[in-house]
Amino acid sequence: MKDNNGKLIVISGPSGVGKSTISSEVVKRLDAYLCTSVTTRTKGENEVDGEHYQFITTEEFNKGIVEDRFLEYAEVFGNHYGTPWQPIEDALEEGETVLLEIDVQGGLAVKKVYKDVQLIFIVPPHTSDLKKRLDGRQRGENDESRKKRLQGAGEETAKAWQHYDHMVINDDLETAINEVIEIIQGKTGENT
Ligand code: 5GP
């Protein structure tokens, strides 16, 4: 088990729930560090390599596994994603607040290594909102990809209710951002 100075936070939620918007606002307001994952999936039209993800080949990804460079890695919707270990360790040692925007299986894997991690799941007020938001994303996603993401939403939410520390409903964006900040600052109890 790892013990460290900074705070480690995992933010998960179904595709289209707005977790990237929430995470980037939280990072700005708390001057926190958002860890960039690596992925083998195709870069979307509006995505920037090295910012949203580090887009790498399957070969590079497999090399990362062999070299033990990932805190956790997983296959999500047919693509590979991994959380690089070193930048997180460095930031935590510096006493920074570190945010990971990863899925529920990733969050649970991180909890096994960092016992003090706070696992936060963002829930949409209505499932129909997810479909609307997924359809509106400029990522060049096809119908199959959107369908997989919608189907995965139910399973992930059920798992999060069982195992996550906090559930935050993204009904009003500003309220959701503030709730996440309060959780990070330790002003809220468990299972909010
Ligand atoms: P998307 O392709 O829509 O950006 O992400 C698909 C899913 O993969 C999301 O639930 C996202 O949180 C998750 N994800 C992104 N990076 C990682 C990672 O490094 N590890 C894991 N386990 N999941 C990730």
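What is the handedness of the crossing of helix 5 and helix 6? The crossing is right-handed (clockwise turn of the near helix from the far one by less than a right angle; anticlockwise would be left-handed). The model is predicted, with local features requiring pLDDT of at least 70 and side-chain atom pairs counting only at pLDDT 80 or more, while totals for chains, interfaces and linings use all residues. Residues are numbered from 1 along each chain as its sequence is written, and side-chain values use heavy atoms, leaving out hydrogens and water.

Helices here are DSSP runs (H or I, at least four residues), numbered from the N terminus. Helix 5 (residues 127-136) packs with helix 6 (residues 143-163) at an angle of about 155 degrees, the axes being 10 Å apart; axes are lines fitted to C-alpha atoms over the stretch in contact, and angles run from 0 to 180 degrees between N-to-C directions. Helix 5 is therefore roughly antiparallel to helix 6 (a term for angles over 145 degrees). In this contact (heavy atoms within 4.5 Å), Leu130, Lys131, Leu134 and Asp135 of helix 5 meet Arg146, Arg149, Leu150 and Ala153 of helix 6. These residues comprise four nonpolar, no polar and four charged (Ala, Val, Leu, Ile, Met, Phe, Trp, Tyr, Cys and Pro count as nonpolar; Asp, Glu, Lys and Arg as charged; the others, Gly among them, as polar).

Helix 6 also packs with helix 4 (residues 104-113), at an angle of about 25 degrees and with axes 10 Å apart. Helix 4 and helix 6 are therefore roughly parallel (under 35 degrees). Val104, Gln105 and Leu108 of helix 4 contact Glu156, Lys159, Ala160 and His163 of helix 6, giving three nonpolar, two polar and two charged residues.

Turning to another pair, helix 1 (residues 19-30) and helix 7 (residues 173-184) have axes that come within 10 Å and cross at roughly 55 degrees. The two are therefore oblique (neither roughly parallel nor roughly antiparallel, and outside the 65 to 115 degrees of roughly perpendicular). The crossing of helix 1 with helix 7 is right-handed. Among the contacting residues are Ile22 and Val26 of helix 1 and Ile177 and Ile181 of helix 7; the contact holds nine nonpolar, two polar and three charged residues.

Finally, the ligand is surrounded by 18 residues (a heavy atom within 4 Å), the closest being Arg41, Tyr53, Glu72, Tyr81 and Arg149. Arg149, part of the contact of helix 5 with helix 6, places a polar side-chain atom 2.7 Å from a ligand oxygen atom. Polar side-chain atoms of Glu72 and Asp103 lie 2.7 Å and 2.8 Å, respectively, from a nitrogen atom of the ligand.

Technical notes:
A polar contact is a pair of N or O atoms within 3.5 Å; within protein, one must be able to donate a hydrogen and the other to accept it, and residues adjacent in sequence count only if both atoms are side-chain atoms.
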